[in-house]
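Colleague: Please pick one part of this model and go through it closely, then say how its surroundings are built. I would like the terms explained along the way.

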Amino acid sequence: MTLCTTRQLVPTKELLQNALKGKYAVGAYNVNNMEILQAIVEAADELKAPLILQVSAGARKYASQAYLIKLVEAALNSSTIPIALHLDHGEDVEICKACIDGGFSSVMIDGSKHTFEENIAMTKKVVDYAHPRGISVEAELGRLAGVEDNISVSEKDAIYTNPREAKEFIERTGVDSLAIAIGTSHGAYKFKNEPKLDFERLEAIKAAISADYPLVLHGSSSVPEELVKICNDYGAQIPGAKGVPEFMFPEAIKRGIAKINIDTDLRLAFTGGIRKHFVENPGHFDPRQYLGPARAAVKELVKHKIQILGTDGKAAV
Ligand SMILES: [Zn+2]
């Protein structure tokens, strides 16, 4: 399927190469519905930031790929920035192929729960299918803790990425970008104590691979206190949530991270917007009345993220 638009999606490879050269990171924001998509695209378009929209298997199930593709098509037609559409955490070769055939410009094959050799074999299969079609592929090596699409990985099962394995993995698969595990985790509860990322390991990975190879950081929401507070002030119960502090992003970017995934923060902003509206306007029941402010809250957050990651003004016009 091709998109019905004169503007085409761009592969993530191109965006990430530009990011490495320009020493910034491209935010990859998870999309589940129209309002969140509009918020992200409006924010990026206003700040002239290249953009990665990503869809998880859960989002595909929730909204259906056909709807999401049409929404992204509308986003392309109503903006001027380069946009990639990326599958987040494809668990097998089939889902990656389905997304490639459906019009995505990038896919992630996540074989991180399998053995090193199995991970290589499945990643290679996706690369062989994707590259002749001009589609970028991301893979994952190492294993993040946390909860992603209801799959939970405990802290003791998390495995940090081995630099030597990273080099071998990239060479044998030809994958375009690699998600690594250096201490981030999925969900709102990333750190029990002080947030800590293993920057030494990141440097070692970077030293082992080619200097212009883009690395990806998953589980990188900051879980801002003020967003959690809005949710909790208006009836939520989200105690003790802790994310990646924003000052760590420039440090990560300096060491070769070119794509940073953000999902939880969008959820918090959206939920906070809805909760606040309901409490302040108990008589309202028109979805536009409460989804509008939620969308505005996500837009404001994404603008902030774009500035933190240095992506503003980087869209080639
Ligand atoms: Zn992830």
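Modeller: What follows is a close look at the zinc site, and then at the chain and the core.

The model is predicted, so local features need pLDDT of at least 70 and side-chain atom pairs count only at pLDDT 80 or more, while totals for chains, interfaces and linings use all residues. Residues are numbered from 1 along each chain as its sequence is written, and side-chain values use heavy atoms, leaving out hydrogens and water.

Three histidines hold the zinc ion through ring nitrogens: NE2 of H89, NE2 of H186 and ND1 of H218 are its protein donors, at 2.0 to 2.1 Å. (Donors are N, O and S atoms within 2.8 Å of the metal, or 3.2 Å for Na, K and Ca; water is not among the atoms, so a site may look incomplete.) Along the sequence the spacing of the donor residues is H-x96-H-x31-H. H186 belongs to strand 9 (residues 185–186), whereas H218 sits in the loop between strand 10 (215–217) and helix 9 (225–233), so this pair ties together parts that are 32 residues apart in sequence. (Helices, H or I with at least four residues, and strands, E with at least two, are DSSP runs numbered from the N terminus.)

Are these residues buried or exposed? H186 has a relative accessible area of 10% and is buried; H218 is buried at 1%, and H89 is buried at 12%. (Buried means under 20% relative accessible area, exposed over 50%, and partly exposed in between, with a 1.4 Å probe and protein chains only.)

H89 is part of strand 3 (residues 83–90). Its phi is near 55 degrees, which is positive in a residue other than glycine. Most residues other than glycine have a negative phi. K48 also has a positive phi, near 55 degrees. K48 is in the loop between helix 2 (34–46) and strand 2 (51–56), and at 31% relative accessibility K48 counts as partly exposed.

Now the core. The largest nonpolar core has 92 residues, and L53 and L178 have the most contacts inside it. (Such a core is a set of buried Ala, Val, Leu, Ile, Met, Phe, Trp, Tyr and Cys residues joined through side-chain atoms within 4.5 Å.) Helix 12 (residues 287–309) gives the most to this core, eight residues. A second, separate core of eleven residues includes L15, A19, Y24 and I52. Leaving aside neighbours within four places in sequence, L53 is in contact (heavy atoms within 4.5 Å) with residues including Y29, V72, I83 and H86.
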